[in-house]
Amino acid sequence: MDEHEPIAVIGTGYVGLVTAAGFAQLGTEVWCVDVDTDKIERLRRGEIPIYEPGLEECVARNRERLHFCTELAPALEHARLLFVAVGTPPTYSGDADLSAVHAVVGAMPSSERHALVMKSTVPVGTGNSIKRALSERGKNGFAYVSCPEFLKEGSALEDFMAPDRVVVGDDGDWAGDAAVALYAPLKAPLVRTDIASAEMIKLAANAFLATKISFINEIANVCEETGADVLEVARGMGLDHRIGTHFLRPGIGFGGSCFPKDVSALKQLAGNSGYHFQLLTAVIEVNELQKRRVVGKLQKHLGSLVGRKVALLGLAFKANTDDMREASSLVLAARLHADGAAVSAYDPVAEEQARELLVGVQFADSALGALDRADACVLVTEWPEFGQLDWREVRARMAGRLVVDGRNFISPRDVQAAGLTYEGIGRVACKR
Ligand SMILES: NC(=O)c1ccc[n+]([C@@H]2O[C@H](COP(=O)([O-])OP(=O)(O)OC[C@H]3O[C@@H](n4cnc5c(N)ncnc54)[C@H](O)[C@@H]3O)[C@@H](O)[C@H]2O)c1
């Protein structure tokens, strides 16, 4: 397969649309398929259904190479490699819900010409069981490649164009070679391996990053008890190359569409295979408790929260995305309501998504609007504009004085200079 042969991408969400736009930018024609007719209509009109920096421009630049459809037929006609980027959300049991993946597999025709290239994050063993299922249905010729995705929402296009590595798990046939050739222009380190190992690389990588976050969150909590400043501690730890600085930022817990579900899926996968993955049980529990710790900080300063107004700055699970899946703000708002507080909120891009999920929250169209007459402010998402707030103006707007910085994002000195009380995460000792 030459690198400009057309490909198909099935599922045009965060991963699918970025993958399609990225390959189109590299000169490949891409047939994008989604069951969501509204989404496809919007994409045909040039509207981008998600917030992802640079994506709208990239799709517009490559319009003539991007085709959007709701049917598989045109994709099967034009492309041999069919990238699958459908959702694999968690089920009630914590396992991955593979119904969308199975729907795609079930719709495949008998073909020796095509290959499924799995971008969706799936449990280890999924690829081999899909191959078995295809062969039982007489579709032996269908090739299969595991090609897990590592992009981060908020910098997804950059991550596509300059990945740390490309992982291709296959049976050593034409499809694996074709996937490798497609990614070759990116000149990224390649890990070519078997299908099960590729699937495990993705789950293990996310579980490790989540472990780093829960670890530094626990260190932050101990810092609060012992008088150390966790930012100093993280800096001192991270300069050790064996540890590294990334993912050593304490906060109010990890959320998003990947870490919580992938950690839980790996834990369940291990359990289903007879192994008790104790470390991941703790990683999940620490994360859940971390999301709730902010409530304790509010109570420490305000006492009972009944009738108090708490303003949440930011709702998305992190900055530069509108993704609300598993966002810490969801847990926090629910806990505050349960404790009798009134909750106001502002997010520069995620309000539309948040409105569907956060019942009873009063939405404002600016940070200052949310802070009006608030007893306390909680910074939930590290949107750059919150770093520019005039804290004297905030002080004048608020009824109370408490600012809880759930991301250690703002300057304690600026906040304190405005006559407000600063509470970070793991920073009781901070003077700066
Ligand atoms: N979002 C991330 O940051 C990220 C990063 C790496 C890996 N992943 C993994 O990639 C996968 C996709 O994640 P996402 O965030 O892009 O999901 P998403 O929910 O944003 O998008 C999934 C898309 O698939 C479509 N779809 C569902 N069933 C379909 C079908 N049968 N045929 C065609 N389209 C169908 C949906 O309509 C939706 O548009 C998941 O397995 C996820 O774990 C996500």
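Which of the 28 residues around the ligand come nearest? To find out, select the ligand in this predicted model and display Asp-34, Lys-39, Thr-88, Glu-153 and Lys-261, the residues that come nearest among the 28.

**The ligand and its contacts**

Keep the ligand in view and add Thr-121, where a polar backbone atom is 2.9 Å from an oxygen atom of the ligand. Next, show the side chain of Ser-257: one of its N or O atoms is 3.3 Å from a nitrogen atom of the ligand. Then turn to Arg-325, whose side chain places an N or O atom 2.9 Å from an oxygen atom of the ligand. With a surface displayed, consider the cover as a whole: on its own the ligand has 840 Å² of accessible area, and the protein covers 87% of that area.

Colour the helices α1 (14-25) and α5 (99-106), the elements that give two or more residues to the shell around the ligand. The largest share comes from α5, with three residues. If the shell is then coloured by class, twelve nonpolar, eight polar and eight charged residues appear.

**The open sheet**

Leave the ligand and select the six strands that form an open sheet, in the order β11-β10-β9-β12-β13-β14. The pairing in this sheet is parallel. At its edges are β11 (362-363) and β14 (421-423), each of which pairs on one side only. Zoom in on β10 (residues 342-346), which runs parallel to β11 and is joined to it by two bridges. Select Ser-344 here, and Gln-362 in β11 will be found as its bridge partner.

**Helices against the sheet**

Which strands does helix α12 touch? Select residues 278-302 to display α12, which packs on the sheet and touches β9 (309-313), β12 (376-379), β13 (402-405) and β14. The direction of α12 makes about 160° with that of β13.

Now select residues 328-338, helix α13, which lies across β9, β10 and β12. Relative to β9, helix α13 runs at about 175°.

**A last stop at Val-331**

Within helix α13, select Val-331. Leaving aside residues up to four places away in sequence, Val-331 touches Lys-291 and Arg-292. To end the tour, add Glu-393 and draw a distance between the two C-alpha atoms: Val-331 and Glu-393 are 62 residues apart along the chain, and their C-alpha atoms are separated by 29 Å.

Key
Residues numbered from 1 in each chain as written. Predicted model: local features only at pLDDT ≥ 70, side-chain atom pairs only at ≥ 80, totals over all residues. Heavy atoms only, no water. Near = heavy atom within 4 Å. Polar contact = N/O pair within 3.5 Å; in protein donor to acceptor, adjacent residues only side chain to side chain. Areas by Shrake-Rupley, 256 points an atom, 1.4 Å probe, with all protein chains shown as cover. Helix = DSSP H or I, 4+ residues; strand = E, 2+ residues; numbered from the N terminus. Nonpolar A, V, L, I, M, F, W, Y, C, P; charged D, E, K, R; others polar. Pairing = 2+ DSSP bridges. Contact = heavy atoms within 4.5 Å. Axes fitted to C-alpha atoms, helices over the stretch in contact; angles between N-to-C directions.
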